[in-house]
Amino acid sequence: MLRLVRYLRDYVKECVLAPLFKLLEAAFGLAVPLIVAQVIDEGVRAGDTGLITRSVILMVVLTVVGLVCAITAQYFAAKLSAGFGTRLRDDLFAHIMSLAQADIDELGGPTLITRVTNDTLQVQNGVFMFFRLILRSPFVVFGSMAMAFVIDGTQGLIFLVAIVALFAIVFLVMRVAIRRYAGVQAALDRIVRRTQENLDGVRSIRAFRREGAEQAAFGEENDALYGLQVAVGKVSALMNPLTYMGINLCLIAVIATGAVQVGVGTLQQGEVVALINYVSQVLVELIKLADLIVLLSRSSASAERLNEVFDTSRSMADGTQDASGADGSVAFRDVSFCYPLSSTPSLSHVSFEAAPGETVGVIGGTGSGKTTLARLLVRTYDASEGEVILGGRDIRDYSLATLRDACSVVEQDVRMFSGTIESNLRMGAGPDAPAGELERAAALAQASDVLASKPEGLEAAVEEGGRNLSGGQRQRLSIARALARKPRLLVLDDASSALDFATEARLRHVLSHDLSGTTLVVISQRVSAIRHADRIVVLDDGAQVGYGTHDELLDSCPVYRQICLSQLPEEEVSGHGED
Amino acid sequence: MARTEAASKGTVRRTMRLMGAYRAEIVGVAILSVIVSSTTLVLPVLSGRAVDAIVGPGDVDMLVVERYLAWMAAAIVTTAASQWMLTDLSNKLVYDLSRDLRTKAFAKIQRLPLSYLDSHPSGDLVSRVANDVDLLSNGLLLGLQQMLTGVLTIVLTLVFMMGLDVTVTLVALCITPLSFVIAAAIARRSYVYFNKQNESRGALTALVKESMEGLPTIHDYGYEDETRERFEELDEDFRAVGIKATFYASCVNPTTRFVNMLIYIGVCLVASLRAVAGLVTVGEITAFLSYANQYTKPFNDISAVVSELQASFACAARVFDLLDQAEVEPDAPEARELGHVEGDVALEDVRFSYVPGREVLHGITLHAEPGMTIAVVGPTGCGKTTLINLLMRFYDPDSGTISVDGTPVGDITRASLRGNWGMVLQDAWVAGGTVADNIRMGRPEATDAEVAEAARAALAAPFIERLPEGYDTVLEPGGSQLSAGQRQLLCIARVMLARPRMLLLDEATSSIDTRTELRVQEAISRLMEGRTSFVVAHRLSTIRSADQILAMRDGRIVERGTHEELLAKDGFYASIYKAQFESA
């Protein structure tokens with residue numbers, strides 16, 4: 001957590017002032033019982049109403065000043081923590097943007113969202129509470145103790161013992177309760193999962209008349225949750241009674257010793273009253289202090305998760321060559337790849353090549369490594385072994401910026417970004433491209449009717465992730481985005497899976513006729529999408545099991561034959577191979 | 001507005017009725033609350049009396065002091081013990097109540113018609129069963145533990161203070177409203193800013209989610225800087241509104257503390273002046289001061305509890321709403337069990353709509369003789385899935401009849417009808433439990449040998465035998481340890497064992513992995529032998545071997561016949577066939 005202190009550097013003034021004002025408020029608060037003691041010992045006893053009035057006015061003034069101090073402190077704390085959070089988040093986000101995909105995978109992609117949105121807030125909140133309470137609570141707790149020592153040494157000792165004991169109680173109960181509470185949360189998660197599974201399988205459950213069995217299983221989880229809840233309840237139920245006992249036993253001790261001391265004249269009655277007041281202040285602040293410690297430990301766990309991101313530096317080295325002059329020829333030379341957190345390779349020993357303007361088809365089932373192949377082509381990842389060649393050179397030699405202008409990939413799981421259709425297409429076309437160029441790219445990608453269906457045309461709004469567009473619209477727009485870039489290598493990874501057959505056929509026609517200079521890598525599960533490719537790579541479970549033209553593969557590759565048999569009329573497949 | 005108020009009143013009353021089942025516990029909670037708040041309040045009186053006996057040097061009545069200290073000790077122990085029992089008792093009450101509510105909600109889901117389940121996001125239902133019940137119980141707990149003691153504390157404090165001195169009490173009473181006014185004013189401001197902050201945070205989160213999920217695309221297009229700028233803009237908005245929201249929220253405590261302090265000082269002033277006049281003792285001043293200290297606290301607690309309770313009643317309303325939904329219409333009283341069937345299935349002019357007025361099946365008529373294979377083909381949304389829903393009686397048709405062996409399905413119990421169908425869907429469902437339990441699902445009385453036999457017939461035996469504990473391997477709900485293909489083989493084994501006469505198959509649209517895929521295909525064709533089968537077909541081989549193909553479009557059967565007949569017709573079927581299976 002300390003490492004993140006650097007984000008406070010623009011708020012040094014606030015960092016000093018916030019706790020200082022907080023301290024002032026606490027000091028004024030502590031002074032009040034002393035004044036009350038004076039009122040009783042001198043004012044009431046002597047019947048000095050003037051002293052009483054003067055003291056009361058003093059108390060009111062102190063209280064008002066205290067309020068002003070408190071509010072000032074809160075403002076500074078709010079300002080510094082919000083500024084801290086924003087600086088931290090900006091930096092974190094920028095850092096994540098600079099990482100390579102392999103680094104992101106290693107950190108855990110989905111966790112990055114919670115790190116940016118949640119963990120930063122957790123730390124920010126920790127900072128806020130720290131500056132509000134770190135001086136105040138200990139100051140009140142130990143200040144009360146110091147005041148007690150000032151009044152009388154023996155009384156101070158009683159305070160010391162009480163504070164240590166109370167602190168131990170609060171801390172122990174909290175620790176045990178928090179640990180057990182994790183168990184409750186896990187049990188609740190199981191309830192959630194069980195219910196979700198039940199709803200997912202509702203048709204099968206009813207088909208097999210399993211409703212009763214499901215209820216029994218749910219009942220067991222539910223009972224387990226109940227048991228855990230009651231058990232945690234028993235522990236946390238101890239907190240209030242124990243601290244109450246502790247603080248009030250301290251009170252008894254203060255009065256008992258006080259009585260003796262007043263009897264021998266070493267203490268005054270008003271001072272006993274003041275001590276009683278301090279006792280009750282201690283308890284309130286002690287509980288706040290324990291809360292703060294718990295909060296800080298949570299924040300520091302979050303800070304840990306953020307530092308993990310900051311400690312990850314980009315693992316992919318940039319090349320120096322300019323890829324803008326490279327032609328679109330592409331080749332895999334004995335390429336293998338294993339994902340960062342996986343032990344089995346997703347792709348092993350794949351080799352193929354394509355001259356500029358040629359088309360390579362890649363076919364295989366789910367999990368056969370097709371998408372991995374696409375990602376290696378555009379250097380989302382680097383191959384673990386072997387070489388990926390573009391324009392006769394290893395793609396690692398090129399600078400990433402120029403490489404990315406030379407090749408585009410369209411994945412099945414298409415990403416659109418909030419903004420407008422135009423802003424999305426401009427990602428590919430660049431900020432200065434004329435609108436006509438965007439429209440032409442859309443026409444090639446069979447997306448003209450998407451534009452036509454929106455009254456605002458190119459200006460039509462795109463919501464987060466493109467959720468206001470259908471799957472087919474998203475796919476066509478993302479193909480348009482890729483085409484707008486005029487790449488020399490275009491990789492389509494199941495990019496037409498959401499299109500109907502007729503549209504897909506038209507798109508296929510455009511790709512093979514209107515983009516003659518562009519090298520195409522078409523990845524699909526459908527034979528119809530790749531059968532006319534110059535060469536086809538057949539993948540099965542990460543391994544290359546066939547390479548050649550459609551006709552060659554029908555003769556030589558049993559896996560390819562099987563795929564074709566399930567998708568093509570038998571007449572087309574037979575006549576090849578053994579029969 | 002008035003309506004939601006009435007609804008929420010209904011919710012409160014209903015929650016109370018639920019709690020009525022715990023009458024004994026509630027009486028216990030009430031008694032304990034009275035004990036806790038009165039012993040807590042007696043303490044300052046006792047310590048005040050003790051202080052009164054400590055006047056000055058040589059003027060300390062130790063006997064009196066000791067007597068009051070002993071009383072104090074007794075009060076402290078009583079308070080602590082009753083407080084613990086109070087918490088424990090209310091925990092048990094509320095957790096028991098929420099367990100009960102969860103069981104009811106889950107059981108309710110089992111009885112809801114699919115029309116409800118299909119039209120409500122499952123995440124929402126899950127959250128009602130799990131989170132809403134949880135939030136309700138949190139609110140009720142706070143209510144039970146703090147509301148009663150809070151109110152009692154305020155009332156008793158005033159009574160005790162009145163007992164000590166009326167004038168001083170009136171001073172405290174007069175300043176109190178100030179606390180409410182200030183707190184309400186701040187709360188209003190901070191509520192506005194908190195909403196703004198939440199909005200701003202929502203926008204920020206949406207952008208982060210979008211950017212993280214689309215990171216490869218951002219990298220691909222070199223769009224890092226643009227994305228970062230957008231983020232920084234939103235983050236700056238969040239900072240600006242965050243300062244205000246945090247600031248106002250954090251002002252509540254200091255200001256209420258300020259008002260408390262004013263009450264404290266006011267009490268001190270008046271009490272001291274009256275002490276000078278001899279109307280109040282010094283010990284009574286200390287008692288007053290400690291009352292003044294703690295009497296405002298319950299106000300804060302109660303307002304926190306009230307807002308917590310409001311939130312939890314909103315949750316309760318969502319749970320009750322689920323419990324109030326109409327259930328599946330029960331089987332007709334004269335409905336009979338369907339015994340052994342031949343598998344003759346007929347639909348006569350069946351019409352159906354999910355939403356009244358928007359018919360999705362327009363008069364479907366078909367007849368499948370025992371043992372026939374019917375392949376249903378057509379584009380997405382043509383009504384294929386709806387047909388399955390009607391055959392299984394997940395839904396009932398608006399008009400027309402569906403009959404099995406000549407008996408309309410309305411005259412058959414749902415359970416026995418479903419027992420006669422075997423169903424294999426695309427995403428095969430696996431229950432938590434052993435592999436053997438999963439296979440046995442369709443016929444619980446089957447022996448181990450029969451289970452193994454069915455697995456062999458379904459070609460599932462090889463992978464099951466490779467599992468660490470074979471047939472006794474425990475599967476997670478959802479079967480996450482198995483591959484999609486293995487889950488499907490398991491479901492086929494399940495149907496094999498049940499030996500139904502009629503089958504419903506929903507073929508996978510895309511291949512799973514080439515080798516398992518072949519096995520699944522083989523297992524399915526074994527399964528179909530001699531059974532009446534309806535197949536939502538995607539594979540050419542299945543379609544071609546069907547006895548009859550139904551080509552559906554927009555809720556109508558537009559063509560029917562064998563593959564050759566339909567190709568010769570060169571109509572709708574021929575056109576889908578060409579687009580899908582022949583290349584351009």
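Reader: What makes the four strands E4-E3-E6-E7 of chain B an open sheet, and in which sense do they pair?

Author: In this predicted model, the strands of chain B follow the order E4-E3-E6-E7 in an open sheet with antiparallel pairing. Strand E4 (358–368) and strand E7 (407–408) of chain B are the edges: each has a single partner strand, so one side of each has no neighbour in the sheet.

Reader: How do you know that strand E3 (residues 345–355) of chain B and E4(B) pair?

Author: Pairing requires at least two bridges between two strands. Strand E3 of chain B and E4(B) are joined in the antiparallel sense over eight bridges, and therefore they count as paired. Within E4(B), B:Leu366 is the residue that B:Leu347 stands opposite.

Reader: Why is A:Asp119 called buried, and what is A:Arg305 called?

Author: Buried means under 20% relative accessible area, and exposed means over 50%. A:Asp119 has 8% and is therefore buried. A:Arg305 has 30%, which lies in between, so A:Arg305 is called partly exposed.

Reader: How do you know that A:Asp119 and A:Arg305 form a salt bridge?

Author: The cut-off is a side-chain nitrogen of Lys or Arg within 4 Å of a carboxyl oxygen of Asp or Glu. For A:Asp119 and A:Arg305 the N to O distance is 2.7 Å, so the pair qualifies. A:Asp119 belongs to helix H4 (residues 109–133) of chain A and A:Arg305 to helix H10 (residues 269–311) of chain A, so the salt bridge ties together parts 186 residues apart in sequence.

Reader: What makes the pair A:Arg535 and A:Glu358 a link between distant parts of the chain?

Author: The closest N and O atoms of this salt bridge are 2.5 Å apart, and the two residues are 177 residues apart. A:Arg535 lies in strand E11 (residues 535–540) of chain A, whereas A:Glu358 lies in the loop between strand E2 (347–354) and strand E3 (359–363) of chain A. Both residues count as partly exposed, A:Arg535 at 23% relative accessibility and A:Glu358 at 22%.

Reader: Which salt bridges are found in chain B?

Author: Among them is the pair B:Arg393 and B:Asp396, at 2.9 Å, N to O. B:Arg393 is buried, with a relative accessible area of 8%, while B:Asp396 is partly exposed, with 35%. A network of salt bridges also links B:Asp124, B:Arg128, B:Asp132, B:Arg318 and B:Asp321. Over all chains, the structure holds 52 salt bridges.

Reader: Why can A:Phe149 belong to a nonpolar surface patch?

Author: A patch residue needs over 30% relative accessible area and no salt bridge. A:Phe149 has a relative accessible area of 35%, so the area condition is met. A:Phe149, A:Leu157, A:Leu160 and A:Val164 make a patch of about 340 Å². A:Phe149 is found in helix H5 (residues 136–151) of chain A, while helix H6 (residues 153–200) of chain A supplies the largest share, three residues.

Reader: How does the radius of gyration of each chain stand against that of a compact globule?

Author: Chain B has 36 Å, where a compact globule of 584 residues would have a value near 25 Å. Chain A also has 36 Å, against near 25 Å for a compact globule of 579 residues. The C-alpha atoms of chain B fill a box of roughly 120 × 60 × 50 Å along the principal axes.

Reader: What share of the residues in each chain is buried?

Author: Buried residues make up 53% of chain B and 57% of chain A.

Terms used:
Residues are numbered from 1 along each chain as its sequence is written. Chains are lettered from A and ligands numbered from 1 in the order in which they are written. This is a predicted model: local features need pLDDT of at least 70, side-chain atom pairs count only at pLDDT 80 or more; totals for chains, interfaces and linings use all residues. Side-chain values use heavy atoms; hydrogens and water are left out. Patches are made of residues with over 30% relative accessible area and no salt bridge: like charges are joined within 9 Å, nonpolar side chains (Val, Leu, Ile, Met, Phe, Trp, Tyr) within 5 Å. Accessible areas come from the Shrake-Rupley method with a 1.4 Å probe; for residues, only the protein chains shown count as cover. Buried means under 20% relative accessible area, exposed over 50%, partly exposed in between (1.4 Å probe, protein chains only). The radius of gyration is taken over C-alpha atoms; the globule rule is 2.2 Å times the number of residues to the power 0.38.
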